[in-house]
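Q: Could you take a close look at one part of this model with me? I'd like to see how its pieces sit against each other.

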Amino acid sequence: MRPIRLVMSAFGPYAGKQEIDFDKLGVSGLYLITGDTGAGKTTIFDGIKYALYGEASGNNRDSSMLRSKYADNDTPTTVELTFVNGNKQYTVKRNPEYERKKARGNGFTKQSAGAELVLPDGRVETNKKVVDTKIEEILGVNDAQFSQIAMIAQGDFLKLLLADTKERQKILRNIFKTDIYLEFQDRVKSDFSKIKDELKIKKVSVDNDIKNIGCSEENALYIETQKAKNGELSVVEVIELINKIIDEDTQKSKLLYQQTEKSEEKISSITEIISKAEEQNKNRELLATAKNKYEQALPKSEELKKLYDIEKQKEPITQEIEKNVTILEQQLNDYDELDLLENKIKSNSNNLEKCKIDCQTNETKLAEYNSSLKSYEKESSELENSSENKVKFSTELEKIAAKETEFVSLQEEIKNLEIIKKAFLTAQKEYSVAQEKATVKKEIADKMRLEFNSEQAGIIAETLVDGEPCPVCGSCTHPHKAEKAVNAPTESEVKKSEKDAKDLQDKANVLSSKAGEKKGIYDNAKNTAENNFEKLKTDADFENAETVISEKLKEISEQKQDLNLKIAEENKKSGRKAEILKLTEDTKEKISKINESITNLKTDISSYSAAIDEQNKRKENLRGKLKFENKTAALNEKSKLEKKIEQNKAELLKAENAYKECEKSVNEFKTQITQLNDILKDVEEINIDEKKQERDTVSKEKKQITDLNNIITQRIIANNTVLKNLSAQAADLAKLEERWKLINSLSDTVNGNITGKQKITLETYIQTAFFDKIIARANVHLMKMSGSKYDLKRKDVADNLSSKSGLDLNVIDHYNGTERSVKSLSGGESFIASLSLALGLSDEIQASAGGIKMETMFVDEGFGSLDEEILRQAMQALSGLSENNRLVGIISHVAELRSEIDKQLVVTKEKSGGSKVELKLN
């Protein structure tokens with residue numbers, strides 16, 4: 001890939017449009033990018049990288065921050081690169097996402113990121129993803145590889161030179177993507193850690209289970225149990241021990257259970273005797289209580305009988321009160337009717353008043369609607385011609401729009417004509433340059449032929465002798481012998497020069513043909529544009545076409561705007577006319593409804609007046625029949641009478657219930673006394689305290705046996721649980737231990753932790769293969785730069801076995817035959833070593849990318865610390881790189897380089913803000 005032309009607009013420090021013609025630098029050699037610090041030297045490479053990949057070259061250069069802070073709001077941010085790859089020319093153009101000024105109105109809007117690629121066959125791709133894919137296909141490398149191949153940043157590769165194994169791992173990981181091996185190492189290490197933790201947990205679980213083994217201190221197996229808890233027995237031996245303990249405890253539990261059953265039978269017998277004795281004592285207490293209550297209840301029953309008889313005599317009075325209540329109940333409906341009449345009279349009076357008010361309101365509205373109707377009819381007649389005017393203005397607008405289309409089409413033709421003209425002039429210029437080179441070369445070849453012929457004449461002249469004939473003219477006298485030319489060319493040099501002249505003339509002839517073709521295309525396009533311009537009948541010359549078209553388009557735009565306003569006004573009138581028609585219909589409908597409403601209201605007024613008169617007559621009739629003022633007073637009287645009735649009945653019922661309840665208790669006590677006397681007849685007394693003491697003694701004996709049996713039972717359950725857990729975990733523990741051995745070995749190997757060997761990880765081992773290739777390619781450059789003094793070498797043996805190794809770097813000094821660390825190199829020596837390493841990496845990446853050849857390379861800074869000899873050697877090495885059609889751009893502000901390198905891109909800061917680039921060819 002070789003850049004031809006780079007155009008940056010409002011990009012980085014470049015405020016306006018900045019064009020760099022790389023084609024003038026030629027196809028090979030060194031050129032210097034120099035200028036003020038911070039002016040934008042590296043931005044040139046950023047521009048190339050961004051145009052190709054949509055990304056800047058540095059990690060701290062975000063593509064969304066590339067818009068120049070010095071640019072005007074109207075200047076767009078774009079980067080356009082024309083480049084040659086494989087003898088084919090491409091043009092790629094991109095813009096980042098940024099805030100731009102709105103095309104209309106005030107304020108800003110977001111300009112989306114865009115991309116455009118012009119292919120050699122003229123096709124144009126504008127889809128960003130397609131452009132990204134095409135660029136990678138054309139160049140054969142991705143953005144990261146391009147940066148590593150095309151940009152040698154000294155600071156970054158000095159880190160690679162002086163880094164230890166750990167730091168160099170990170171650098172090579174980013175370059176050669178060896179993350180997968182690191183991930184594999186970490187996964188194996190993680191798996192080993194997990195299995196280690198699982199095994200630890202499993203062993204802790206087994207130990208905890210063993211610690212839970214129960215065994216009585218009196219048992220002969222107690223000593224073996226302690227050995228198990230101290231870890232002196234294997235899991236198999238522990239399982240066998242638990243089985244023995246469980247068997248012995250099971251036998252003891254059976255014997256204790258039999259003893260418990262006998263104690264329970266004896267306790268049950270004593271308890272039964274005690275229960276009978278307690279029941280007899282209870283019956284004696286009940287008999288004494290029953291006799292006492294009977295003697296108290298008998299006189300009370302006689303007294304309650306007298307009270308009951310008194311309440312019985314009040315029943316006739318209660319019945320009379322009930323008759324009065326019945327009469328009041330019958331009159332309650334009349335009170336309700338009276339209330340209903342009063343409510344109706346009030347409601348009808350309210351409705352009558354409302355109807356009169358509504359009737360008056362409707363008559364007022366009727367007058368208003370009649371007035372509005374007259375107004376609408378008048379306005380409707382004034383809007384009759386709006387539809388005709390709208391058609392007229394629309395027709396005029398269509399004619400003007402058609403004319404505008406013709407002007408816009410011609411404007412595009414003229415713009416395309418300028419592009420075609422530019423291509424023609426470029427081709428014409430290329431031909432002129434090529435013809436001039438061919439003419440110069442032809443003159444040189446003719447001169448060399450003349451010098452060669454003169455040389456041949458001089459050679460013949462040396463052999464001439466007076467008296468002997470000349471082999472050319474035959475004369476025997478030779479007064480003016482030809483002299484041999486000084487430094488005359490050889491015949492092969494003459495022929496080569498003549499061939500080069502012919503090749504240049506052939507190339508010029510081809511370019512002449514191309515220029516002719518492009519001129520024909522231009523002439524045809526111009527004639528077409530002129531004819532189309534004449535058709536528009538503008539009475540102006542074609543040279544002023546763009547100005548005339550712009551003025552015409554502006555005039556048409558104003559006419560369109562005026563017509564659109566008129567059409568809008570007519571649309572507004574048409575809308576108003578439709579609105580008036582709707583309002584007219586609505587108003588007529590409202591007038592009809594109001595007339596109907598007034599008629600109905602007058603009918604309702606007559607109805608309500610008649611109803612009120614009839615209801616007043618019925619009200620007076622009812623008022624003469626009723627004793628109380630209203631229903632509430634009648635209900636109050638009824639409530640008093642009902643309470644009196646309820647009170648009399650309640651007192652009668654209370655006296656009756658009290659008498660019957662007391663009489664019932666007397667009879668129950670009498671019956672109870674008879675039954676208890678029968679039960680206690682001929683019953684023998686028992687000493688309850690002695691029997692309870694005897695039962696307590698047996699119960700204590702039983703509890704001791706039960707507690708002991710519970711202890712043994714719990715121990716059996718616990719030991720069975722331990723036995724079950726250990727049996728289940730024994731197999732798992734064996735499998736875990738086997739897996740631990742396998743994964744431990746694998747983890748130590750891939751993570752470089754094998755005892756007694758260098759600590760080289762799997763990723764480092766893979767990286768050594770890449771690193772050795774880089775070193776081999778770097779040494780080709782280092783031998784040139786160091787005058788065959790130094791070679792780089794990867795350190796085979798680590799200084800110790802405790803730290804990570806495998807990527808340490810030494811330097812071989814051929815002058816004294818020693819090998820030492822690269823960190824011992826001086827500043828200048830470190831520079832050429834790191835430059836060589838960077839070039840070696842670039843060569844390796846190009847080789848690993850399928851032999852991709854980059855015809856352009858940038859070297860950024862690093863020359864300031866070099867002495868004169870080292871600088872000369874570095875320049876020789878870089879000059880060697882520039883052979884075979886490769887351009888090498890050195891980004892530096894070192895003064896010595898400005899005098900050494902003729903081709904220069906000089907970047908300077910402008911006082912107004914921003915930077916500019918000037919091409920100097922000394």
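In what kind of crossing does α7 pass α8, left-handed or right-handed?

A: Keep in mind that this is a predicted model. The crossing of α7 past α8 is left-handed. To place the two helices, look for α7 at residues 222-229 and α8 at residues 235-312. Two packed helices are described by the angle between their axes and the distance between those axes. Here the angle is about 145°, and the axes are 11 Å apart.

Now zoom in on the side where they touch. From α7 come Glu-224, Thr-225 and Ala-228, and they meet Val-238, Leu-241 and Ile-245 of α8. Sort the residues of this contact by class and you get four nonpolar ones, one polar and one charged.

For another example of a helix against its neighbours, jump along to α15, residues 762-785. This helix lies across two strands, β11 and β12, and runs at about 175° to β11. Those strands belong to an open sheet of three, ordered β11-β12-β13, with antiparallel pairing. At its edges are β11 (790-794) and β13 (818-821), each of which pairs on one side only. On average, neighbouring strands in the sheet are turned by 30° against each other, ignoring direction.

What holds your eye between β11 and β12 is a set of five bridges, linking β11 to residues 809-813 of β12. One pair to find there is Tyr-790 and its bridge partner in β12, Asp-813.

How values were computed:
Residues numbered from 1 in each chain as written. Predicted model: local features only at pLDDT ≥ 70, side-chain atom pairs only at ≥ 80, totals over all residues. Heavy atoms only, no water. Pairing = 2+ DSSP bridges. Helix = DSSP H or I, 4+ residues; strand = E, 2+ residues; numbered from the N terminus. Axes fitted to C-alpha atoms, helices over the stretch in contact; angles between N-to-C directions. Contact = heavy atoms within 4.5 Å. Left-handed = near helix turned anticlockwise from the far one by under 90°. Nonpolar A, V, L, I, M, F, W, Y, C, P; charged D, E, K, R; others polar.
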